[in-house]
Amino acid sequence: MNTLGNKLRVTVFGQSHAPAIGCVIDGLPAGFAPDMERLAAFMARRAPGQNAWSTNRRESDAPEVLSGLVDGKTCGAPVSAVIRNSGQHSSDYSGLKRTPRPSHADYTALIKYGENYDIRGGGQFSGRLTAPLCLAGAFALQILEQKGITVAAHIGKIADVVDAPPDFAQVSREELTALLARPFPVFQEDSGVKMRQAIEKARMDCDSVGGVVRCFAVGLPAGIGEPMFGGVENRLAAALFGIPAVRGVSFGTGFAAAGMRGSEHNDPFAVEDGKITVRTNHAGGVLGGITSGLPLVVNAAFKPTASIAKEQDTVDLQTRANTRITIHGRHDPCIVPRAVPVVEAVTALTLLDMIMED
């Protein structure tokens with residue numbers, strides 16, 4: 001299934017080395033005038049070839065809107081858009097159907113689709129498909145902003161380097177706005193320096209590193225979400241796992257809660273200026289699947305980039321013998337920095353969909 005959402009439905013299409021990739025966004029309210037310059041700037045944060053810590057495959061990622069806008073405003077029809085691919089090196093992927101790459105979908109895709117599978121650049125399994133996700137998410141982010149909701153993410157961790165976030169209960173719109181202005185989105189600049197050093201070391205070692213993206217949503221009203229299987233955590237986790245390379249999703253304090261006592265993890269209620277509030281936010285702004293009105297905090301863990309230049313073990317599917325493989329092509333030594341806007345986009349799309357349902 002390549003479609004996300006219920007009231008706001010986004011269908012992503014294309015393959016990494018197809019002529020184009022794109023999306024169809026159904027359910028956007030009529031009369032919304034997207035700021036296309038801001039949309040392009042948002043997509044540029046994810047685009048490849050922008051800096052030393054990403055792949056040197058260069059794509060402009062300039063969207064071409066085909067329908068759904070009239071005089072710069074949504075008209076109620078589905079918004080459809082394409083992003084042309086231009087930097088493909090398809091020859092880099094010849095032979096991989098015979099020798100599948102470790103930690104890639106090559107083998108499972110071959111089992112499911114047979115020889116029809118498009119292996120070039122990972123086909124429909126490629127992180128390239130996150131570009132149209134960002135395109136759709138840029139619309140959602142601007143609509144949420146009009147509702148007083150700000151969504152922004154930082155690099156919480158790369159390798160063993162951690163960026164300490166603000167207090168989960170106190171993180172402000174101003175802090176998130178400042179974060180969005182930084183080319184390397186961290187709260188502590190010294191952490192960013194060490195993270196870039198860790199990425200460069202992995203690159204020089206012909207290897208890769210992973211990390212964690214932490215996303216905040218400030219301004220969400222209390223009461224969004226449903227208990228059991230329709231909760232905010234359920235919906236966000238399902239959507240975020242659609243991003244290639246996500247290996248774990250948690251909320252608030254996350255897995256660290258397993259090592260805490262209840263007296264440490266519980267968030268005490270309090271009354272301030274006649275309003276109900278919570279002094280801490282280990283829960284990440286969600287209780288019983290329903291937003292509490294505190295900042296939403298969601299963490300997405302990303303594995304190290306699977307394509308590395310080191311020689312690795314694999315198998316020859318024709319001879320049924322063990323063999324070795326060296327992966328060629330252009331790949332990120334760490335995908336985490338470029339994944340930040342993708343996490344923001346998917347979070348915004350999911351939250352807006354749930355708000356529209358509510």
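**Angles, edges and cores in a predicted model**

Me: Why are helix 6 and helix 8 called oblique to each other?

Reply: In this predicted model, helix 6 (residues 232–240) and helix 8 pack at about 140 degrees, with their axes 10 Å apart. Angles over 145 degrees count as roughly antiparallel and those from 65 to 115 as roughly perpendicular, so a value of about 140 falls into the oblique class. Helix 6 and helix 8 are therefore oblique. The crossing of the two helices is right-handed.

Me: Which residues make the contact between helix 6 and helix 8?

Reply: Helix 6 supplies V232, R235, L236, A239 and L240. They meet V343, V346, T347, T350, L351, D353, M354 and E357 of helix 8.

Me: What makes M354 count as buried?

Reply: The cut-off for buried is under 20% relative accessible area. M354 has 4%, so M354 counts as buried. This residue lies in helix 8 (residues 336–357). Beyond four places in sequence, M354 touches I224, G225, G230, G231, V232 and R235. G225 is 129 residues away in sequence, yet its C-alpha lies 6.8 Å from that of M354.

Me: Why do helix 1 and helix 3 count as oblique?

Reply: Their axes come within 9 Å and cross at roughly 135 degrees. That value lies above the perpendicular range, which ends at 115 degrees, and does not exceed the 145 degrees of the antiparallel class. Helix 1 (residues 36–46) and helix 3 are therefore oblique to each other. This crossing is right-handed. The contact involves R38, L39, F42, M43 and R46 of helix 1, and from helix 3 residues including C134, L135, A138 and F139.

Me: How do you know that strand 1 and strand 4 are edge strands?

Reply: The open sheet has five strands in the order 1-2-3-7-4, paired antiparallel. Strand 1 (3–4) and strand 4 (63–67) each pair on one side only, and are the edge strands.

Me: What makes strand 4 and strand 7 a pair?

Reply: Pairing needs at least two bridges. Strand 4 and strand 7 (residues 79–84) have four, so they pair, and they run antiparallel. S67 has S80 in strand 7 as its bridge partner. Helix 3 (residues 130–146) lies across strands 2, 3, 4 and 7, at about 30 degrees to strand 3.

Me: What makes strand 8 and strand 10 a pair?

Reply: They belong to an open antiparallel sheet of five strands with the order 9-8-10-16-11. Its edge strands are strand 9 (161–162) and strand 11 (246–251). Eight bridges join strand 8 (residues 150–158) to strand 10 (residues 211–218), against a requirement of at least two, so the two strands pair. H154 has R214 in strand 10 as its bridge partner. Helix 4 (residues 173–180) packs on this sheet, touching strand 8 and strand 10. Helix 6 also packs on the sheet, where it touches strand 11 and strand 16 (296–302).

Me: Which residues touch the most other members of the largest nonpolar core?

Reply: That core has 73 residues, and I25, I158 and F302 touch the most other members. Helix 8 contributes the largest share, 13 residues. F302 has contacts beyond four places in sequence with residues including V213, I243, V246, I335 and V343. Another core, of nine residues, lies apart from the largest one and has F168, V171, L176 and L179 among its members. In soluble globular proteins, nonpolar side chains tend to be buried together.

How values were computed. Residues are numbered from 1 along each chain as its sequence is written. This is a predicted model: local features need pLDDT of at least 70, side-chain atom pairs count only at pLDDT 80 or more; totals for chains, interfaces and linings use all residues. Side-chain values use heavy atoms; hydrogens and water are left out. Contact means heavy atoms within 4.5 Å. Axes are lines fitted to C-alpha atoms, for helices over the stretch in contact, and angles run from 0 to 180 degrees between N-to-C directions. Buried means under 20% relative accessible area, exposed over 50%, partly exposed in between (1.4 Å probe, protein chains only). A nonpolar core is a set of buried Ala, Val, Leu, Ile, Met, Phe, Trp, Tyr and Cys residues joined through side-chain atoms within 4.5 Å. Angles under 35 degrees count as roughly parallel, over 145 as roughly antiparallel, 65 to 115 as roughly perpendicular and the rest as oblique. A crossing is left-handed if the near helix is turned anticlockwise from the far one by less than a right angle, and right-handed if clockwise.
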